[in-house]
Amino acid sequence: MILNYNDVDLYQGEHLVLRHVNFCVEEGELVYLTGPVGSGKSSLLKSSYGEVPIGSGKAEVLGFDMKRLKTKHQPMLRRQMGIVFQDFQLMPDRTVRRNLDFVLRSTEWKQKTNREHRIDEVLAMVKLSDKKDKMIYELSGGEQQRICIARAILNNPKVILADEPTGNLDAENGELILALLDEIRRQQHTAVILSTHNLQWPAYFPGTVYSCGDGCLVTNREKGKSEDIIVTENQEPTE
């Protein structure tokens, strides 16, 4: 089990964001978090790497008890994760290679040749090998998000957390990003937890769907039907 929450309450300050959360993710699983802005999707993701504290209940992520997780142990947890942000969070004053090398240096890859080899590997996986020496500002939005995915998989994570990864992209690039994440999941057996406002993605890339709303988290399986997936036959996904 990658992640297992039992009857968890999540707070932002004194504000209760989600109550009685039951949430589990298996190795290699694709999980969607859906719901309107402010419904708690991002807070739930952030709680899995210690940025939002667990208020009550039991929460375990990658073998770590999140209620007892000490600050000094957070890097050990986060090194097993890859995080993809909606707003990319790349360093615009550096090349693609230097952006990726910064992460490897920060995670104790000491040998330059090993770092260069790993950078070449992940860029090949996201099909951007020819962009290695480009500045970030020279890339399109879709290319920048693919670099974010390359960055996220540098350390062979057990889980990728993607917070609205297609939110700033058009439909074509959004579909490319989802296809890439799903391919990595299948090839590397990496779990992917993806928050999205696009309710059509699960019809194209099937996975478990959780829906946030009114302070609660429910799944399509709990509802007994996929009522939180809205799609018509042959309809193209839209952002």
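1. In this predicted model, strands E1 and E2 make a hairpin in which 2 residues lie between the strands. Gly-13 sits in the turn and has a positive phi of about 65°.

2. The two arms of that hairpin are E1, residues 3-12, and E2, residues 15-25. They run antiparallel and are joined by 7 bridges. One pair to look for when tracing the hairpin is Leu-10, whose bridge partner in E2 is Leu-18.

3. E1 also pairs with strand E4, which covers residues 54-61. This pairing is antiparallel as well, with 6 bridges. Here Asn-4 is found opposite Glu-60 of E4. E1 thus has bridges to E2 and to E4. For reading the side chains along these strands, a general point applies: in a regular strand they alternate between the two faces of the sheet.

4. The next item is the largest pocket, which holds about 660 Å³ of space. Its lining is made up of 22 residues, and those closest to the centre are Arg-78, Met-81, Ile-83, Val-103 and Thr-107.

5. Which elements give two or more residues to this lining? They are helix H2 (74-78), strand E6 (81-84), helix H3 (96-106) and helix H5 (141-152). H3 supplies the largest share, with 4 residues.

6. Sorted by class, the lining of the largest pocket consists of 11 nonpolar residues, 7 polar residues and 4 charged residues.

Terms used
Residues are numbered from 1 along each chain as its sequence is written. This is a predicted model: local features need pLDDT of at least 70, side-chain atom pairs count only at pLDDT 80 or more; totals for chains, interfaces and linings use all residues. Side-chain values use heavy atoms; hydrogens and water are left out. On a 1 Å grid over the protein atoms alone, a cavity is a set of points where a 1.4 Å probe fits but cannot get out, and a pocket is an open set with protein on both sides within 12 Å along at least five of seven lines; lining residues have an atom within 4 Å of a point. Grid points are joined across faces, edges and corners, and a volume is the space filled by probe spheres set on the points. Ala, Val, Leu, Ile, Met, Phe, Trp, Tyr, Cys and Pro count as nonpolar, Asp, Glu, Lys and Arg as charged, and the others, Gly among them, as polar. Two strands pair if DSSP finds at least two bridges between them.
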